[in-house]
Amino acid sequence: MSTPSISSSQPITFTLSGVRRGFQSCLPLGLSVFAYGLVFGILAVQAGMSAAQAGAMSLTTFAGASQLMVLEFWGPVLPFLGIVLTTFIVNLRHVLMGAALRDWLVGLPPWKAYGSLFFMTDESWALSMREMGSGGRDAAFLLGAGLCIYLFWFSATILGASSVFFLGTAMSDPARWGLDFAFTAVFISLLIFFWKGRHDLPVWLVAAAAAWIGWALLPGKWYILCGGLAGGLYGAWRHGR
């Protein structure tokens, strides 16, 4: 996927209207995030967290995949280094994602740029890339979309973690309700935003092949970075020919 660029003659803005439009545009994806936020809340309590701890993690960490992985480590003795390294590896893709939004971010004051990046998720990033690619110049769109995901993720975490109090064990197995597929479904739907035609297919195939090789040969989540780097570099090479 090539990175869209914005003409230097078009000033980048950061308005409340942009926040509102980003939030509204992200509402359908927010509903999807709500589904696997419920799953995280349920699994967090089953792993030994309290509802308050699960909610605090969603407020301060705000990284769905990493939070779900941390549950594997949760126990009386926390392997701090393992948690930090795993979280770092899983989120390395954000380096590439942030770089792809440079045309929006480089001209902003640091508090606006880094504040927006704190709320950046895969979902809000995908919508923002589409907005930027269509000529959008209001960088607050990224913040609004991220705030939408933040609200749905936190509220779903609290609801899922508290579900045992008002539903008993009815929600103890998210797979019974199909909620375990919500995470995968969201990412499949995100791909639709980036499909511009058959000429994109080779880049997708290169990324998929690299991710598969990384998954087969490397431990942990390095395959995510392998796929992102391979697809990005191949796309850049094609763009520069």
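# A guided tour, starting from a salt bridge

Begin by selecting Arg-21 and Glu-131, whose side chains meet in a salt bridge with an N to O distance of 2.3 Å. The pair ties together distant parts of the chain, since Arg-21 sits in helix H1 and Glu-131 in helix H9, 110 residues apart. Keep in mind while looking at such distances that this is a predicted model. The count of salt bridges comes to one. Colour the two partners by accessibility: Arg-21 has a relative accessible area of 36% and is therefore partly exposed, whereas Glu-131, with 12%, is buried.

Now zoom out to the whole protein chain, which has 13 helices and zero strands. Of its 241 residues, 40% are buried. If you draw the contacts between residues with a separation of 6 or more, 78% of them join residues 24 or more positions apart. With the surface switched on, the accessible area of the protein chain comes to about 12,800 Å², and 70% of that area belongs to carbon and sulfur atoms.

Return to helix H1, residues 16-25, and select Gly-18, Val-19 and Gly-22, which are buried. Looking down the axis of H1, you will find these buried residues within an arc of 105 degrees, so they line one face of the helix. The background to this pattern is that an α-helix has 3.6 residues a turn, so residues three or four places apart point the same way.

Next, select Cys-26, and then show its contacts beyond the neighbours within four places in sequence: these are Leu-127, Ala-145, Cys-148 and Ile-149. Cys-26 also leads into the largest nonpolar core, which has 40 residues, and it is listed there with Phe-40, Leu-101, Trp-104, Leu-105 and Trp-125 as the residues that touch the most other members. To see where this core comes from, colour the elements that give two or more residues to it, namely helix H2 (27-47), helix H3 (51-60), helix H6 (93-100), helix H7 (102-105), helix H9 (122-133) and helix H10 (140-167). Among these, H10 gives the largest share of the core, eleven residues. As a general point, nonpolar side chains tend to be buried together in soluble globular proteins.

Which residues of H6 are buried? Select Arg-93, Met-97, Gly-98 and Ala-100, and you have them. Seen down the axis of H6, the buried residues fall within an arc of 160 degrees, so they line one face of that helix.

Helix H5, residues 80-90, is the next stop, where Ile-83, Thr-86, Ile-89 and Val-90 are buried. These residues cover an arc of only 135 degrees around the axis, which puts them on the same side of H5. Then rotate the view to the face of H5 turned away from its buried side, which carries the exposed residues Phe-80, Leu-81 and Phe-88.

For a point of backbone geometry, move to Phe-62, in the loop between H3 and helix H4 (64-70). Phe-62 is not a glycine, and yet it has a positive phi of about 50 degrees. Is the residue buried or exposed? With a relative accessibility of 6%, Phe-62 counts as buried, because the cut-off for that class is under 20%.

The tour ends at helix H12, where Gly-214 has its place. Gly-214 is buried, with a relative accessible area of 4%, and, not counting residues up to four places away in sequence, it touches Tyr-223 and Cys-226. If you set a distance label between the C-alpha atoms of Gly-214 and Gly-227, it should read 7.8 Å, for two residues that are 13 apart in sequence.

Finally, show the surface around Trp-212, Ile-213, Trp-215, Leu-217, Leu-218 and Trp-222, which form a nonpolar patch with about 710 Å² of accessible area together. Helix H12, residues 201-217, supplies the largest share of the patch, four residues. One of the patch members to pick out is Leu-217, which lies in helix H12 and counts as exposed at 68% relative accessibility. Helix H12 therefore offers both the buried Gly-214 and the exposed Leu-217 in a single view.

Methods
Residues numbered from 1 in each chain as written. Predicted model: local features only at pLDDT ≥ 70, side-chain atom pairs only at ≥ 80, totals over all residues. Heavy atoms only, no water. Patch = residues over 30% accessible without salt bridge, like charges linked within 9 Å, V, L, I, M, F, W, Y side chains within 5 Å. Areas by Shrake-Rupley, 256 points an atom, 1.4 Å probe, with all protein chains shown as cover. Salt bridge = Lys/Arg side-chain N within 4 Å of Asp/Glu carboxyl O. Buried < 20%, exposed > 50% of the residue type's maximum accessible area, 1.4 Å probe, protein only. Arc of directions from axis to C-beta. Core = buried A, V, L, I, M, F, W, Y, C linked by side-chain atoms within 4.5 Å. Contact = heavy atoms within 4.5 Å.
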